[in-house]
Amino acid sequence: MKILAIDIGGTAIKYGTVLEDYTIEQAFEIPTEAHLGGPHLMNKIMGIVDTYAAEIDCVGISTAGQVNSELGKIIFASENIPNYTGIEITKTIQKKHHLLVSVENDVNAAATAEAKFGAGRGYSDFLCLTYGTGVGGAMWINNKIYTGTHFSAGEFGHIVTHTGGKKCTCGNNGCYEMYASTRALVNAVREATGKTLNGREIFSPEHFNNTTVRAVIDNWIDEIIGGLTTLIFIFNPPCIILGGGIMNEDYVISEIDRRIHARNIHSFRSVAIKRAAMKNQAGMLGAAYLAKEKLLES
Ligand SMILES: [Zn+2]
């Protein structure tokens with residue numbers, strides 16, 4: 001069996017063939033060119049599928065945006081990819097190719113990869129959050145993704161943590177991701193120091209040891225914990241998996257772990273805080289796993 005896995009992010013599309021034992025046989029990366037819009041992106045996806053159609057058994061796709069995973073359709077995408085909302089990925093591919101297609105939201109696909117191959121192995125339940133431009137979320141409950149009634153569950157980035165706070169891209173004010181995302185950290189450092197630094201630069205010794213920068217980082221970690229506190233009270237999860245490049249910083253993950261476990265509440269003391277293990281391959285492997293499962297069930 002051979003699976004074509006495609007992971008569509010805001011800046012890059014990663015794709016390649018995955019073997020039955022989930023070995024990635026080959027992998028490539030091309031720019032998403034998201035600004036050119038959904039139809040252009042769909043043409044790129046078709047180009048990839050056309051190339052591999054003769055040698056594969058199914059197609060697994062992980063993509064940004066809210067996805068109706070039963071129909072393989074984008075039900076909502078932000079303005080980062082204009083006109084992506086409404087694109088019917090599965091239907092478009094199957095008009096041309098007699099192939100099984102599975103489409104899932106990128107954080108859900110990544111959480112699936114963590115459950116099967118990464119930090120979530122051995123857990124029947126966990127929460128997964130990724131920190132970047134925004135904050136993405138996924139719920140792994142009873143050994144599968146919980147999607148909600150209309151495939152929109154797990155939007156942890158839009159929990160309101162600051163009523164009447166900063167305007168969010170979703171139209172509300174005070175959403176978690178406006179305060180806890182990597183972008184929020186970058187903005188807060190700029191406001192405090194006048195310097196525009198990326199996530200990695202903020203944690204270089206030169207800046208990290210600056211008291212002003214450190215205070216901003218510590219406040220930002222408290223913002224991260226504010227959202228996690230809500231989730232721990234709701235779910236009492238055995239494990240929370242944190243992803244996104246910023247979580248590779250040891251100080252961030254260890255401080256989150258320390259501050260959460262300092263709370264004298266059982267659900268806080270018992271939750272394991274883990275760093276995502278799958279890194280760049282999460283989307284492709286999660287998408288491949290979901291496609292293979294769907295093929296085996298069909
Ligand atoms: Zn929002």
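Here are some exercises with worked solutions on the structure above, which is a predicted model.

**Exercise 1. The zinc site**

Find which residues coordinate the zinc ion, and work out which geometry the site has.

*Solution.*

Step 1: Look for the donor atoms. The zinc ion is coordinated by ND1 of His158 and by the SG atoms of Cys168, Cys170 and Cys175, at 2.0 to 2.3 Å.

Step 2: Check the angles. Among the four donor atoms they run from 105 to 121°. Four donors count as tetrahedral if all angles lie between 85 and 135 degrees, so the site of the zinc ion is tetrahedral. For comparison, the ideal angle for four tetrahedral donors is 109.5 degrees.

Step 3: Read the spacing along the chain. The donor residues follow the pattern H-x9-C-x1-C-x4-C. His158 and Cys168 are ten residues apart, and both sit in the loop between strand 10 (144–145) and helix 4 (177–180).

Step 4: Compare the surroundings of two donors. Cys168 has a relative accessible area of 6%, so this residue is buried. His158 has a relative accessibility of 25% and therefore counts as partly exposed.

**Exercise 2. Three helix pairs**

Describe how helix 1 meets helix 2, how helix 3 meets helix 11, and how helix 5 meets helix 8.

*Solution.*

Step 1: Start with helix 1 (residues 38–52) and helix 2 (residues 89–96). Their axes come within 11 Å and cross at roughly 45°. That crossing angle makes helix 1 oblique to helix 2. The crossing is right-handed. On the helix 1 side, Met42, Ile45, Met46, Val49 and Asp50 take part, and they meet Ile89, Thr92, Ile93 and Lys96 of helix 2.

Step 2: Move on to helix 3 (residues 106–117) and helix 11 (residues 282–297). Here the axes come within 7 Å and cross at roughly 80°. Angles of 65 to 115 degrees count as roughly perpendicular, so helix 3 is roughly perpendicular to helix 11. Helix 3 contributes residues including Ala109, Ala110 and Ala113 to the contact, while helix 11 contributes residues including Gly283, Gly286 and Tyr289.

Step 3: Finish with helix 5 (182–193) and helix 8 (residues 211–235). The two pack at an angle of about 145°, with their axes 10 Å apart. Helix 5 passes helix 8 in a right-handed crossing. Among the residues in contact are Leu185, Ala188 and Val189 of helix 5, and Val213, Val216 and Trp220 of helix 8.

**Exercise 3. Positive phi angles**

Locate Tyr22 and Lys279, give the phi of each, and decide whether each is buried or partly exposed.

*Solution.*

Step 1: Recall the background. Most residues other than glycine have a negative phi.

Step 2: Take Tyr22. Its phi is near 70°, a positive value in a residue other than glycine. Tyr22 is in the loop between strand 2 (12–19) and strand 3 (24–31). The relative accessible area of Tyr22 is 14%, so this residue is buried.

Step 3: Take Lys279. This residue is not a glycine either, yet has a positive phi of about 50°. Lys279 is found in the loop between strand 12 (272–275) and helix 11. With 47% relative accessibility, Lys279 counts as partly exposed.

**Exercise 4. Sequence and space**

For Ala12, Ala276 and Lys195, say where each lies and which residues each one touches.

*Solution.*

Step 1: Place Ala12 in strand 2. Ala12 is buried because its relative accessible area is 12%. Ala12 and Pro31 are 19 residues apart in sequence, but their C-alpha atoms are 4.4 Å apart in space. Beyond the neighbours within four places in sequence, Ala12 is in contact with Asp7, Glu29, Ile30, Pro31 and Thr32.

Step 2: Place Ala276 in the loop between strand 12 and helix 11. At 14% relative accessibility, Ala276 counts as buried. From Ala276 to Tyr84 there are 192 residues in sequence and 28 Å in space, C-alpha to C-alpha. Setting aside neighbours within four places in sequence, Ala276 is in contact with Glu114, Ile241, Leu242 and Gly243.

Step 3: Place Lys195 in the loop between helix 5 and helix 6 (199–202). Its relative accessibility is 41%, so Lys195 counts as partly exposed. Not counting residues up to four places away in sequence, Lys195 touches Val189, Arg190 and His207.

Methods: Residues are numbered from 1 along each chain as its sequence is written. This is a predicted model: local features need pLDDT of at least 70, side-chain atom pairs count only at pLDDT 80 or more; totals for chains, interfaces and linings use all residues. Side-chain values use heavy atoms; hydrogens and water are left out. Donors are N, O and S atoms within 2.8 Å of the metal (3.2 Å for Na, K and Ca); water is not among the atoms, so sites may look incomplete. Four donors count as tetrahedral if all angles lie between 85 and 135 degrees; four count as square planar and six as octahedral if opposite donors are over 155 degrees apart and all others between 65 and 115; anything else is irregular. Helices (H or I, at least four residues) and strands (E, at least two) are DSSP runs, numbered from the N terminus. Buried means under 20% relative accessible area, exposed over 50%, partly exposed in between (1.4 Å probe, protein chains only). Axes are lines fitted to C-alpha atoms, for helices over the stretch in contact, and angles run from 0 to 180 degrees between N-to-C directions. Angles under 35 degrees count as roughly parallel, over 145 as roughly antiparallel, 65 to 115 as roughly perpendicular and the rest as oblique. A crossing is left-handed if the near helix is turned anticlockwise from the far one by less than a right angle, and right-handed if clockwise. Contact means heavy atoms within 4.5 Å.
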